[in-house]
Amino acid sequence: MSSKRIDVVAPGELGADDRKIWREIRAASGAPANPFMDPAFTAAVGAVRAQARVAVLREDGLPVGYFPHERGLAGRGRAIGLGVSDSQGAVLGPGIRLDARALLRACGLSSFEFDNLEAGQDLFSAHSAEELASPVVDLGGGFEGYAQELRRRSPGFCKQTLAKERRLSRQVGPVRFVYDDPDPGALRTLMGWKSAQYRRTGRRDRFAQAWIIRLVDLLARGEDPECRGVLSVLYAADRPVAAHFGLRSPTFLSWWFPAYDPAFGKYSPGVLLQWRMLEAAAAEGIGTVDLGSGPARYKESFKTGELRVYEGAVVRPGPGGALQRLGREPVRAARRFVRDRPRLARTAARTLEGLGRLRER
């Protein structure tokens, strides 16, 4: 009879063998090579978040699974990098069967919250409260095939996009695109744009949190091909007008932090950037670009399909679990109520934008 054990360690305590086994389990599962599910992302979060942990599941002393998470007050657990991670869950070998609450008990957790649980995470999916769509772009047939289909489906959108790029070039200066820009100044510019966008639209400013800035800086300097940051910048007359920082593996790119200079808004620089980025990504061997959950008109224009992600929490009986329910469920219910009513959602968005503009005065 095999012996089973769960060890909980800091991400920095995982060695090269653990990374190798983790990646082998992921590859064997057939799941997308999403960089957020790679051990390098967990290690990066561990470098900037002291509460990051990994439960290592062992059978007869050998690792058969990994569960990255963060542990907060009263044992309240959350997905690793919650708030910025676009794919979450455990990495389990074939045939591994667990009870979610038993796993939490072994980790000393009273609850486990997730907001982008990937499809196929049977361990946690029964505890989801909401299913969300994450639009994706399939570039497996190359960019030209994708572009031809996009022109057939949305000829007006394609013509307008390319016309705006020509207008930008004529009226501002020569347009150039850099797919993997090493300039740290361009990354700082992007963070500034994104921070202002968050405030302008009344959303929580992620770049007001030091750990997120440190995480992005760390991933931008990383060289691990399975999970590294890619900064793409669109320039006009050598001035950055739009940029995006995302994570990539050899075949998968996650759309993460896009922003643009509002002074050039009439040219739709964010859309121009995405068009050129998809072209460059396909040339780099990227087969899938995940645009992330959350509504946005440009995502609907570019997408070829959708992945399913889930939001919810596993909660154990006890004070910690009660705190989780009291703290998160009313917020989630209110957000779902607004999102399911498009007219109310548009009104709420306009109100938040108005408040954001007032704060900037």
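The legends below accompany an overall view and close-up views of a predicted model.

**Figure 1. Overall view of the predicted protein, with its 12 helices and 13 strands.** Of the 361 residues in the protein, 47% are buried, while the surface that the protein exposes amounts to about 17,000 Å², with carbon and sulfur atoms supplying 53% of that area. When contacts between residues at least 6 apart in sequence are considered, 75% of them join residues at least 24 apart.

**Figure 2. Close-up of a positive surface patch formed by Arg 166, Arg 167, Arg 170 and Lys 266.** Three arginines, Arg 166, Arg 167 and Arg 170, are joined in this patch by Lys 266, a residue that lies in the loop between strand β11 (252-260) and helix α9 (269-283).

**Figure 3. Close-up of Lys 266 in the loop between β11 and α9.** The relative accessible area of Lys 266 is 62%, and this residue therefore counts as exposed, the cut-off for that class being over 50%.

**Figure 4. Close-up of Asp 86, a buried residue without a salt bridge.** Asp 86 lies in the loop between strands β4 (76-79) and β5 (91-92). Although Asp 86 is buried, no salt bridge is found for its side chain, and the nearest side chain of opposite charge, that of Arg 206, is 7.1 Å away. Leaving aside residues up to four places away in sequence, Asp 86 touches Phe 36, Asn 116, Trp 255 and Trp 256.

Methods
Residues are numbered from 1 along each chain as its sequence is written. This is a predicted model: local features need pLDDT of at least 70, side-chain atom pairs count only at pLDDT 80 or more; totals for chains, interfaces and linings use all residues. Side-chain values use heavy atoms; hydrogens and water are left out. Patches are made of residues with over 30% relative accessible area and no salt bridge: like charges are joined within 9 Å, nonpolar side chains (Val, Leu, Ile, Met, Phe, Trp, Tyr) within 5 Å. Accessible areas come from the Shrake-Rupley method with a 1.4 Å probe; for residues, only the protein chains shown count as cover. A salt bridge is a side-chain nitrogen of Lys or Arg within 4 Å of a carboxyl oxygen of Asp or Glu. Lys and Arg count as positive and Asp and Glu as negative; His and the chain ends are not counted. The place of a charge is taken as NZ of Lys, CZ of Arg, CG of Asp or CD of Glu. Helices (H or I, at least four residues) and strands (E, at least two) are DSSP runs, numbered from the N terminus. Buried means under 20% relative accessible area, exposed over 50%, partly exposed in between (1.4 Å probe, protein chains only). Contact means heavy atoms within 4.5 Å.
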